Every structure is written in C-alpha cells, then in structure tokens.
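Notebook open, coffee in hand. I wanted to look up one buried-or-not polar side chain and then go through the charged pairs.

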Amino acid sequence: PAPDPDPPGACDDATRTALSAVLTTQLDALAVEDFAGAYAVTSPFFRNFFTQEAFETLIRDEYPTLVGNLGHRFDECGVVGRRGFLVVGVRAADGTDELVLRYDLSEEGDGWRIDGALALPAVTLPPDPLV
C-alpha cells in the first residue's frame, strides 16, 4: 500500500493535555454511568450515527469495561491538523482486566470532541499509574 501522505505527528504537550481532558471527562462519566455526560463530549460526526440512547446501548453491549471503570491511563498520541488520536488503557470495575482503545478525535469550534473508539485487544500498555 502507498504510504500515508500525512502521517500523524506526535502530540505537543498542549494538544495531549486537551485530548486527555476530553477523554477523562467521558471515562469519568462512564465510571458513574452518566451517559448524558459521556455523550456530551462526542463530535457532530459521531452524533450523525448515534443518538444518546444508541450510544448507551453501544457502550453497554460492546464496551462494558468502560461502565464503572476504575480509572485509565494514556499512551501514544498523534495529530494531523484538526484530527487526533490517543491510545487509552481503561481498568475494568473488577480491577482484573484492562481494555485498550484508540480514540479518534476532531477539533471543533468549541474544542476537541470524540469521533469514536476502536478496541485494540492484542495491545498491552506498560504499567503506569491510572488517572
């Protein structure tokens, strides 16, 4: 395959902080089953495909580790223009499992918003403290 014409660059500190803040908002909301709060940081792109009710069903059915999670930690971060990604490890409520996801975000007029996430089941992150 042809190489990506604009491969992502590493996030600078300000971008990493901004992306981390949005994801922390969503993951903290999901930890207490505040689906409205978690949905509030999604992008218009995401909302074209999922209502808040469909979002809750998606999380409960496909990503149950996020509900009641015990915390998270951040790993690789990249950005190209107004699009970014951040890899996140999320600790399950039982404390024995970690789900690693790559979140894709876009910069909107009011800040960064979540476009979606993809589970990375074969990935294990190095042991870092949870946020």
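I started with the side chain of N69: one of its polar atoms sits 2.8 Å from the backbone oxygen of L66. Note to self: this is a predicted model. I placed N69 in the loop between α4 (52-62) and β2 (71-80). Is N69 buried or exposed? N69 comes out at 6% relative accessible area, which is under the 20% cut-off, so I logged it as buried. Leaving out residues up to four places away in sequence, I found N69 touching L27, L30, A31, V90, R91 and A93.

Next, the salt bridges. My search of the whole structure turned up six.

I looked at R60 and E33, whose closest N and O atoms are 2.8 Å apart. R60 is in helix α4 and E33 in the loop between α1 (13-31) and α2 (35-39), with 27 residues separating them. Both are partly exposed: R60 at 36% and E33 at 43%.

Then I checked E98 with R73, where the closest N and O atoms are 2.7 Å apart. E98 is in strand β4 (residues 98-108) and R73 in strand β2, so this salt bridge ties together parts 25 residues apart in sequence. R73 is buried, at 7% relative accessibility.

I also pulled up D115 and R83, with 2.5 Å between the closest N and O atoms of their salt bridge. D115 belongs to strand β5 (residues 111-119) and R83 to strand β3 (residues 83-91), 32 residues apart. D115 is buried at 9%, whereas R83 is partly exposed at 45%.

Last entry: E33, E56 and R60 join into one network through salt bridges that share partners.

Methods. Residues are numbered from 1 along each chain as its sequence is written. This is a predicted model: local features need pLDDT of at least 70, side-chain atom pairs count only at pLDDT 80 or more; totals for chains, interfaces and linings use all residues. Side-chain values use heavy atoms; hydrogens and water are left out. Helices (H or I, at least four residues) and strands (E, at least two) are DSSP runs, numbered from the N terminus. Buried means under 20% relative accessible area, exposed over 50%, partly exposed in between (1.4 Å probe, protein chains only). A polar contact is a pair of N or O atoms within 3.5 Å; within protein, one must be able to donate a hydrogen and the other to accept it, and residues adjacent in sequence count only if both atoms are side-chain atoms. Contact means heavy atoms within 4.5 Å. A salt bridge is a side-chain nitrogen of Lys or Arg within 4 Å of a carboxyl oxygen of Asp or Glu.
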